[in-house]
Amino acid sequence: MKARALSLSDATLEVRLNTPDSPVICEMKIPSDKEWTTISAPVSNLPKGVHNLYLTLTGGTYLEIDWISFE
């Protein structure tokens with residue numbers, strides 16, 4: 001998974017499928033920076049099909065996401 005993000009404090013973005021309490025399939029560490037940064041992280045246990053994504057911010061107090069892509 002790739003994301004273009006900006007965080008004013010070190011942050012972690014957790015990605016889950018279908019429910020907010022399902023297992024984390026991707027965890028992205030987003031460093032503190034005043035500039036937009038492109039971050040990559042592996043996705044694990046991704047089942048086939050269409051799913052709802054739930055994004056959770058842990059750590060950090062501010063995060064902007066410009067885009068997310070799966071490759």
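How many residues of strand 2 are buried? In this predicted model, 7 of the 7 are, so strand 2 is largely enclosed by the rest of the structure. That strand is a good place to start. The rest of this walk moves outward from it.

Begin with the sheet. Three strands make up an open sheet, in the order 3-2-5. The pairing is antiparallel. Strand 3 (24-30) and strand 5 (53-58) are the edge strands, and each pairs on one side only. On average, neighbouring strands of this sheet are turned by 20 degrees against each other, direction ignored.

Now take the two pairings of strand 2 in turn. With strand 3, strand 2 pairs in the antiparallel sense over 6 bridges. Ala11 has Ile30 as its bridge partner in strand 3. Arg16 has Val24 as its bridge partner in strand 3. The two strands form a hairpin, with 6 residues between them. In the turn, Asn18 has a positive phi of about 70 degrees. With strand 5, strand 2 again pairs in the antiparallel sense, over 6 bridges. There, Thr56 of strand 5 is the bridge partner of Glu14.

Which way do the residues of strand 2 point? Ala11, Leu13, Val15 and Leu17 point one way. Thr12, Glu14 and Arg16 point the other way. All of them are buried. Two residues from the second set deserve a closer look.

Thr12 lies in strand 2, residues 11-17. Its relative accessibility is 12%, under the 20% cut-off, so Thr12 counts as buried. Leaving aside neighbours within four places in sequence, Thr12 is in contact with Glu27, Met28 and Lys29, and also with Thr56, Leu57, Thr58 and Gly59.

Arg16 is found in strand 2 as well. Is Arg16 buried or exposed? At 15% relative accessibility, Arg16 counts as buried. A polar atom of the Arg16 side chain lies 3.5 Å from the backbone oxygen of Pro20. Not counting residues up to four places away in sequence, Arg16 touches Asp21, Ser22, Pro23, Val24 and Ile25. Arg16 also touches Asn52, Leu53, Tyr54 and Thr56.

Next comes the nonpolar packing. The largest nonpolar core has 13 residues. Within this core, Met1, Leu13, Cys26, Met28 and Ile30 touch the most other members. Strand 1 (2-7), strand 2 and strand 3 are the elements that give two or more residues to the core. Which element gives the largest share? Strand 3 does, with 4 residues.

Met28 and Ile30 show what surrounds these core positions. Not counting residues up to four places away in sequence, Met28 touches Met1, Lys2 and Ala3. Met28 also touches Ala11, Thr12 and Leu13, along with Ile39, Ser40 and Ala41.

Ile30 lies in strand 3. With 3% relative accessibility, Ile30 counts as buried. Leaving aside neighbours within four places in sequence, Ile30 is in contact with Ala5, Ser7, Ser9 and Asp10. The contacts of Ile30 also include its bridge partner Ala11, as well as Leu13, Ile39 and Leu63. Ser40 is 10 residues from Ile30 along the chain, and their C-alpha atoms are separated by 9.7 Å.

To sum up, strand 2 sits between strand 3 and strand 5 in the sheet order. Strand 2 pairs with strand 3 over 6 bridges and with strand 5 over 6 bridges.

Definitions and conventions
Residues numbered from 1 in each chain as written. Predicted model: local features only at pLDDT ≥ 70, side-chain atom pairs only at ≥ 80, totals over all residues. Heavy atoms only, no water. Buried < 20%, exposed > 50% of the residue type's maximum accessible area, 1.4 Å probe, protein only. Contact = heavy atoms within 4.5 Å. Pairing = 2+ DSSP bridges. Axes fitted to C-alpha atoms, helices over the stretch in contact; angles between N-to-C directions. Polar contact = N/O pair within 3.5 Å; in protein donor to acceptor, adjacent residues only side chain to side chain. Core = buried A, V, L, I, M, F, W, Y, C linked by side-chain atoms within 4.5 Å.
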